[in-house]
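Here are a few exercises to work through with the model open in your viewer. Try each task before reading its solution.

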Amino acid sequence: MSIFTVNYLCRELLRDHAFRAAMKSDPTRALAHKDLTTSEREALLTGDVGALFRMGANAFLMAYMARFEVCGLNVEIYNQRMRAEKVDDQGRPLARLSRVF
Amino acid sequence: MAQIVAGFGVPHTPVFPFFVKRDGPDCEIAKLFAAQAAELATASPDVIVMFDTDHLNTFFLDNLPIFAIGVDETFTGPNDEPREVPTYTIPSAPDLAGHIRQAAIAAGFDVALTQQFSVDHSIAVPLHFLTPRMHVPVIPVFISGHVPPLPSAQRCHALGQTVGRAIASWPSALRIAVMGSGSFSLEVGGPRMAPGRSDGVPDPNWVTRVISYLEQAQIDMLIAQATEKQLFKAGNVGGELLNWIAMLGAIGNRKPSYVAPQMQNGHAYGVWRW
């Protein structure tokens with residue numbers, strides 16, 4: 001269940017300053033040996049937070065990607081991409097790919 | 001015997017310390033926290049018991065307790081780098097914390113234990129404004145309010161009642177203030193953010209209803225309405241209301257001295273004195 005890794009890496013952006021710096025300078029390399037699926041890796045590297053959200057990534061944790069401006073994201077771009085997602089009345093993605101959370 | 005002398009409901013917006021530093025003591029945030037700080041100083045507690053939802057910083061998705069209590073001499077925070085907040089070492093009261101945990105487990109609440117822990121902005125930001133000298137020991141009681149499934153409002157209220165009884169059965173004559181930390185309607189980082197912001201208030205009507213229930217001491221109505229569906233309808237951190245509900249369980253069903261809303265943030269500043 002590698003969406004756990006996505007969530008974990010988002011928090012590592014906060015906790016691990018070396019990882020944060022690596023993600024800012026060379027994210028492909030920083031993620032090279034992480035336990036991610038191809039689609040998760042691609043979504044992370046392109047800052048496709050909407051896709052990650054549909055896969056079950058935690059929005060609160062993904063916001064660290066915007067806060068620390070990695071993978072082409074900042075608060076404005078993150079806001080636009082997330083707001084484009086369709087959700088139900090409890091804020092869950094309509095096109096939900098994970099049933100874990 | 002220890003006694004509960006006051007209840008507080010507090011916001012914990014991580015950027016508020018930065019705003020207050022930038023805008024000075026006459027800004028709304030500074031004034032609202034100053035009013036609570038004055039009430040707290042008058043209540044003169046020996047210990048603060050704080051119901052709080054950790055934002056996946058003290059705990060994480062690898063090990064996520066529904067209820068937990070910190071039992072240690074001190075803890076540190078914030079551990080998530082809110083601007084203009086130093087890293088504090090916060091004193092605690094491990095004997096009383098251990099007693100509360102024992103009483104809670106005896107009453108059927110399987111409350112997890114954490115030691116050598118740090119906390120995030122949800123505890124450190126309110127304390128930054130209310131007890132900046134960090135001279136009052138704080139016992140954190142964690143309620144999982146973000147990641148579904150959430151504990152029920154009824155269960156959190158009953159936990160609060162159990163904590164209240166545990167405090168009343170503690171043999172030392174301590175004065176205790178009980179706090180609940182968090183918002184009523186807030187989406188952080190999710191699709192219901194306001195345009196251009198990192199958060200939003202998806203259900204302002206719910207904020208109005210919650211404040212009305214609080215002001216009228218309609219705790220049964222509040223509990224009945226605060227279903228998991230409603231809490232998540234109010235935002236991905238809407239479950240933080242559970243901390244206020246637990247606080248009310250601990251202090252008993254009372255009318256507040258005041259509840260001051262900040263509608264644009266989906267939260268309020270509440271004081272219960274008697």
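**Exercise 1. Work out why strand 12 (residues 267–273) of chain B counts as largely enclosed by the rest of the structure.**

Solution. Keep in mind that this is a predicted model. Start with the burial of each residue, taking buried as under 20% relative accessible area. Six of the seven residues in strand 12 of chain B pass that test, so the strand is largely enclosed by the rest of the structure.

**Exercise 2. Which bridge partners does B:Gly270 have in strand 1 and strand 11 of chain B?**

Solution. Take the strands one at a time.

- Strand 1 (residues 3–10) of chain B runs antiparallel to strand 12 of chain B, with four bridges between them. Here B:Gly270 is matched with B:Gly9.
- Strand 11 (residues 258–262) of chain B is also antiparallel to strand 12 of chain B, this time with five bridges. On this side B:Gly270 is matched with B:Val259.

Now look at the turn. Strands 11 and 12 of chain B form a hairpin with four residues between them, and B:Gly266 has a positive phi near 70 degrees there.

**Exercise 3. Describe the interface of chain A and chain B: how many residues, how much buried area, and which salt bridge?**

Solution. Go from the overall totals down to single pairs.

1. Count residues in contact: chain A supplies 28 and chain B supplies 32.
2. Get the area. The size of an interface is often given as the accessible area lost when the parts come together. For chain A and chain B that comes to about 2,300 Å², and carbon and sulfur atoms give 61% of it.
3. Search for salt bridges, with a cut-off of 4 Å between the nitrogen and the oxygen. The rule finds one across the interface: A:Arg20 with B:Glu81, whose closest N and O atoms are 3.2 Å apart.
4. Add polar contacts: twelve residue pairs turn up across the interface, both residues being at pLDDT 80 or more.
5. See where the chain A side comes from. Helix 1 (3–15), helix 2 (17–25), helix 6 (59–67) and helix 7 (75–83) of chain A are the elements that each give two or more residues.
6. Sort that side by residue type: 15 nonpolar, six polar and seven charged.

**Exercise 4. Place B:Ala217 in chain B and find what it touches.**

Solution. B:Ala217 sits in the loop between helix 6 (204–215) and helix 7 (219–225) of chain B. Next, leave out residues up to four places away in sequence: B:Ala217 then touches B:Asn253, B:Arg254 and B:Lys255. Finally, check B:Arg197, which is 20 residues from B:Ala217 along the chain; their C-alpha atoms are separated by 34 Å.

Note on methods:
Residues numbered from 1 in each chain as written. Chains lettered and ligands numbered in written order. Predicted model: local features only at pLDDT ≥ 70, side-chain atom pairs only at ≥ 80, totals over all residues. Heavy atoms only, no water. Buried < 20%, exposed > 50% of the residue type's maximum accessible area, 1.4 Å probe, protein only. Pairing = 2+ DSSP bridges. Contact = heavy atoms within 4.5 Å. Buried area = accessible area lost by both parts, 1.4 Å probe. Salt bridge = Lys/Arg side-chain N within 4 Å of Asp/Glu carboxyl O. Polar contact = N/O pair within 3.5 Å; in protein donor to acceptor, adjacent residues only side chain to side chain. Nonpolar A, V, L, I, M, F, W, Y, C, P; charged D, E, K, R; others polar.
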